[in-house]
Amino acid sequence: MEQQDFAIDDIYDQLTKATYFTKFDFKAGYFQVPLDKSDRPKTAFSTRDGHFQFKVLPQGLTNGPPTFQRIVNQILGPNRWKHVLAYIDDIIIYSQNFNEHLKHIEEVCSLLKKANFKLNVEKCEVARTEILFLGHVIKAGG
């Protein structure tokens, strides 16, 4: 199992140098990750109406969060810790100026589109100087 390579405090420390912030939230996060056919029996359950298996990553699995985090980290690739961070299904893009921020947003959107990940538009916040992220208010200068 891959060890988590950061702590929440590391995320907040990274954001102190930024002026603009964008927060993305996945639409039905886990359910966007298809399961390999060979892994589907591991998610099997039975009801009085029949026997079923998930075709996508269900919530509630012990290894669900680290699996989803690893996938998101792979999608974001080398951009992580440069101008984008993710914590499970919350992504924050951060930049020092507005023009740079627009480029970063476009880059992250392109990566998510290529991976066929959809966002919950109602929960996204774009190009803010102050934003709520993981229960903390983040703003320019700390």
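## A walk from loop to helix

Start by selecting leucine 134, which sits in the loop joining strand 7 (130–133) to strand 8 (136–139). Keep in mind as you click around that this is a predicted model. Check the backbone of leucine 134: phi is near 55°, a positive value in a residue that isn't glycine. That's worth a look because most residues other than glycine have a negative phi. Is leucine 134 buried, partly exposed or exposed? With 27% relative accessibility, leucine 134 counts as partly exposed, since that label covers what lies between the buried limit of under 20% and the exposed limit of over 50%.

Next, jump to asparagine 116. You'll find asparagine 116 in the loop between helix 3 (98–114) and strand 6 (125–128). Here too phi is positive, at about 65°, although the residue is not a glycine. Turn on the surface and asparagine 116 should show up as exposed, because its relative accessible area is 52% and the exposed class starts over 50%.

Now colour helix 2, residues 64–76. How far apart are its end C-alpha atoms? They are 18 Å apart, which agrees with the 18 Å that 13 residues should span at 1.5 Å a residue.

Stay on helix 2 and select Gly64, Phe68, Gln69, Val72, Asn73, Ile75 and Leu76, its buried residues. Look down the axis: these residues cover an arc of only 160°, so they are on the same side of helix 2. What do they pack against? Show strand 4 (84–87), strand 5 (90–95) and helix 3, and you have the packing partners of those buried residues. Before leaving, click glycine 77, just after helix 2, where phi is positive at about 55°.

One of those buried residues, Phe68, leads to the aromatic part of the tour. Add Phe26 and Phe117 to the selection: ring pairs link them with Phe68 into a cluster.

How many aromatic pairs does the model have, counting rings with centres within 6.5 Å? The count comes to six. For one of them, select phenylalanine 45 and phenylalanine 54: the ring centres are 5.7 Å apart and the planes meet at 45°, so the pair is tilted. Stacked would need planes under 30 degrees apart, and edge-to-face over 60.

Finish by putting a surface over this pair. Phenylalanine 45 is partly exposed, at 35% relative accessibility, and phenylalanine 54 is partly exposed too, with a relative accessible area of 29%.

How values were computed
Residues numbered from 1 in each chain as written. Predicted model: local features only at pLDDT ≥ 70, side-chain atom pairs only at ≥ 80, totals over all residues. Heavy atoms only, no water. Helix = DSSP H or I, 4+ residues; strand = E, 2+ residues; numbered from the N terminus. Buried < 20%, exposed > 50% of the residue type's maximum accessible area, 1.4 Å probe, protein only. Expected span 1.5 Å × (residues − 1). Arc of directions from axis to C-beta. Contact = heavy atoms within 4.5 Å.
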